[in-house]
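Me: Could you walk me through how to read a fold from its model? I'd like to go feature by feature.
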Amino acid sequence: MKRVSKISTPKGVIKRSELHTIPLKTNNFNRMKKISLALIFTCICFQMLFSNNIENDEPAQLKKGDWFTIEFANRLEDYTAPVDTIDYCAPIDLKQLVLKCEVLEKSNKNLRLDFRLERVLDLKKDGRYYDSYFQNDIKEQNKPALQDIVFEVNIDLVSDFIQFLNSAAIDSSLYNYATFSREVNIKGGSMSSTEYGETIDLKFVQFMIEDYLNEWQKQSYKLPLLSHGDIDVADYKKYRILESGLPVEHNFQLVVNIPDSLAGKDLEIYETKLVPFLENSEKEIHIQSMNKGLNYLDLYLPEQKILTLRSGTMEKKFIATPTDTLRINLDAVNNSLVSKYQGDQEYLSLLIKGPKYYRVNPEGLENMNLTDSGLQFLNEETAQLINSLDSFKHVLTATFYKKQLLSVYYSVASGVVNWCEDNKIRSNYSELSNLVAFQNIHPLYDYIFHPDYYNWYLRSVTYNSFRPGYESVSTNQWFTRNYNSIEDYNVYDVLYWGYPKYSTLKNIVISDLEHNGVKSAQENYDKFLRSCSYPPFLNEIKEVYARYKRLEPSEPIAGLGLNIIKNKHFDGKNEKFRLILCADEITRNTATGLGYNIGDAVQSFDLKDKVELYIISAKEFDRSVMQNIPNSENFETLYINMGESYSLVWEDLNVLSMFPGRLLIISPDDKIVGRNIIVPLIRKSIGEYIETQNQPKSHENRKAAILGALTALFGSALVAWMIIKISSQRIKKRELAQRKLSELELKAIRSQMNPHFIFNAMGSIQNLMNHNQTEKANLYLSSFAKLMRMVLNSSNKKLVSLADELELIRLYLELEQLRVDFQFKVVVGESVNPETEEIPGMLLQPFVENAVIHGITPKGEGIINVEILKSDTNLICSISDDGVGIDPAKTGNGNGLAMKFAEKRVNLLSEQLKTRMKLDVENRSVSEGKSGTKVTLIIPVE
């Protein structure tokens, strides 16, 4: 800003230094002061408002590390009405490829992306199937393996040129896999498989990526990402974004009318399942504060979902479908919903109003046996559910209809098998195969369509114990076994396959974690992580593992944030074993058992007055039951009545994964001794903990003896080590001195090269002036200044980009063309990226200078070619001219000081960078039969 030294007024010009001498009236001064303060305040407000607008309106920009996953498929979900001629339970032709894109580099000129193949899904109409997320135990020779298939893309943002850097490797590559179907006869002990080889030409995958990038290019690679679109490559016709760490264009709008009673409260949106008795059936996807009146929420949905909207006491479930604008009124009087797909919303409302357990426990089933009458009853119940669904058929979307149709069959199938187990009726293949529900489900691949009750079916039917010889419905369509809580992991690892296999194995590991802890489940947990690559299963099992890892014996109790520990009546710093029991009432037998087992532990481990029993209850109960506990003089019993706060106890039980009536035992140093402990195991739990804590002490004597022997050995080793160390330090000092000498010598050479280069350039200017070519000399000086700036900038850098080195060469050759008549050409191979390749600064320029001065200038004309190629891990740089050539007898002496310096610099760089550069200077009259010189420099690069 220009500083003002004078101010114009109606009375003339006043110097700034004289301002203090001007008399001002007090009123005018105060008025001006107030006006100034008001203006300053107004400016600050406008600045803050303007800054906020900029921050809010500023579009997101791509940066290194950003990612998204994209799916290419032959079809996406169908939101048109169902067609009567289509069997929506039958398998369909479905192909999906999922790739994860990561931004590796982003600048104003360049965008570098990696597309990594993550999933291949192939479902055939005849039921054959392949999903790379699940190992199907077929020994496939995939070269390359799925996890190694990466498409490296470089985009020139100036020219919009898209280059696949590894296209040569991709062009000839195929991904091989096998679709399969299997049948298992557990009773007969036999298993058969049918496999069909399939391939994917990776060149087609490259075409799909290129089609998507061409669409993205139309919006200059700006955000938000294109959410979906059309392609036409082989069988693949559609693409969509599945997940993203970047903004994605919205395809669903929710308009919520908020009444006065809910204004200012949070509005929460959850992804919901319609099976209310499944754990983790809700997942939060959005939360924000609501204003009175209309609130607009824009979301991106990759597929149709069931969502729950919750604000205060109001709750509304709805179908969220891409391309829909859905209006919801949360007013208690007028609780309406309007959607483009109104039929889906109305059928969902019908499902919500129906009995929660009716489908899996139809009324009347308890009076039936699995005979003809029982089968007829179940088929009639199924028909009624299907008829109810079909009455809405032509107002539903095809996707929602298919999902609900499969849900009906899975709910009935689950209920039938559960009922068989509850009534100890042996189900068999011949009977269950006559049920319509079992005839229309395909557990191996129906997970693709997300039917309700599917995972419930797998939990209660597939997840059961294995009994050799027990007849089971277990083919590529049916899975049934007898129930047990924890099973043999290895049996199902061999027997089952696909999604049901890994669902079963996951539940086995989780059950083992819940009942026996991390130590018991560790081996199978590690096996599961090695063999399964399905993200939802991996995320779930890792979360459960981390949860139970915190609950292991000897883990601190403080980090769990338990409400019981925070209670004012709980003494957390008394250095005693504390046994916590949550129960509303205690029988005399339980009281007797507590007294006997706690007393036994006290006497066995000498813990008199070192144990406390806490009884946590929601109400007052008869303490007289506890008065005559045997051995109660050895420990103290305390009662905590939580009253209305007992809900906090349930929170603690959930955190600890404990059942009411079981014990939590805390050690004197506030660590977990055990949880879910039953009364008879009190002594065992405390004993194991004490033994674990004392184990280091029992080894102290033996350690002392070993330590003495090791000390003597260590002393001898120390002397030997000192001798070797001193010798090694001397060698390192010599190497360091040699390296510093090399660096100094290298710097000296560069300091000689720069003056030499400047001397030659000034000679060229002098030559132009001597020939009265003033205009050319001025042009030469201007270009020379720019060139000098590049030379000086590169002087302090060990490495510069190949692009900068080539630009320096171009400037130099254009300058020399002002005084010498010659042509030049610079060629860079397709496999070379000048922006990313780095070489020592001014490495190539001396060879180019030598070609001009000692090759072309004596001849008066000629051509200089600079060619950069890449072979494997070597950068091949060649400089050739058709000048007078070299005299072999004068190589290194009569061909210029620049050449001499460059040759020595190459040798020193090879030593310093611990690589082997190769320099070759040849006379073209000998090697090619034409005049001139060719210099080839081979530079190893990573």
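Me: Which residues of α20 meet which residues of α21?
Reply: For a helix pair, start with the side-by-side residue lists. Keep in mind that this is a predicted model. From α20, E805, L808, I809, Y812, L813 and E816 take part, and they meet Q845, V848, E849, V852 and I853 of α21.

Me: At what angle do α20 and α21 pack, and how far apart are their axes?
Reply: The angle is about 20°, and the axes lie 10 Å apart. Angles under 35 degrees count as roughly parallel, so α20 is roughly parallel to α21. As for handedness, the crossing of α20 past α21 is right-handed.

Me: Which strands does α20 touch, and which does α21 lie across?
Reply: Look at the sheet before the helices. Here 5 strands make an open sheet with mixed pairing, ordered β27-β29-β30-β32-β31. Its edges are β27 (823-828) and β31 (918-923), each of which pairs on one side only. On average, neighbouring strands in this sheet are turned by 10° against each other, ignoring direction. Helix α20 (residues 802-816) packs on the sheet and touches β27, β29 (863-871) and β30 (874-881), with its direction at about 170° to that of β27. Helix α21 (residues 845-856) lies across β29, β30, β31 and β32, and runs at about 15° to β30.

Me: How many bridges join β31 to β32, and which residue stands opposite E922?
Reply: Count the bridges, then pick out a facing pair. There are 6 bridges between β31 and β32 (residues 933-940), and the two strands run antiparallel. Opposite E922 you'll find K934 in β32.

Me: Let's try another sheet. In what order do the strands run in the one with β14 and β17?
Reply: Go strand by strand from one edge to the other. The order is β15-β14-β17-β18, an open sheet of 4 strands with antiparallel pairing. The edge strands, β15 (282-289) and β18 (314-320), each pair on one side only. Neighbours in this sheet are turned by 20° against each other on average, direction ignored. Between β17 (residues 305-311) and β18 there are 7 bridges, and L309 faces K316 in β18. Helix α4 (residues 342-353) lies across β17 and β18, running at about 130° to β18.

Me: Are α12 and α13 roughly parallel or roughly antiparallel to each other?
Reply: Read the angle between their N-to-C directions. Helix α12 (residues 518-531) packs with helix α13 (residues 535-549) at about 160°, their axes 12 Å apart. Angles over 145 degrees count as roughly antiparallel, so that's what α12 and α13 are. Their crossing is left-handed. On the α12 side the contacts include Y525, F528 and L529, while those on the α13 side include F537, I541 and Y545.

Me: Now a single residue: is F115 buried or exposed?
Reply: Compare its relative accessibility with the cut-off. Buried means under 20%, so F115, at 1%, counts as buried. F115 sits in strand β5 (residues 110-123). Beyond its neighbours within four places in sequence, F115 has contacts that include F68, L99, I149, F151 and L213. Also, F115 and E102 are 13 residues apart in sequence, with their C-alpha atoms 6.7 Å apart.

Me: And what share of the whole chain is buried?
Reply: Zoom out for that one. Of the 942 residues in the protein chain, 45% are buried. The chain has 23 helices and 32 strands. Among contacts between residues at least 6 apart in sequence, 68% join residues at least 24 apart.

Conventions:
Residues are numbered from 1 along each chain as its sequence is written. This is a predicted model: local features need pLDDT of at least 70, side-chain atom pairs count only at pLDDT 80 or more; totals for chains, interfaces and linings use all residues. Side-chain values use heavy atoms; hydrogens and water are left out. Buried means under 20% relative accessible area, exposed over 50%, partly exposed in between (1.4 Å probe, protein chains only). Contact means heavy atoms within 4.5 Å. Two strands pair if DSSP finds at least two bridges between them. Axes are lines fitted to C-alpha atoms, for helices over the stretch in contact, and angles run from 0 to 180 degrees between N-to-C directions. Angles under 35 degrees count as roughly parallel, over 145 as roughly antiparallel, 65 to 115 as roughly perpendicular and the rest as oblique. A crossing is left-handed if the near helix is turned anticlockwise from the far one by less than a right angle, and right-handed if clockwise.
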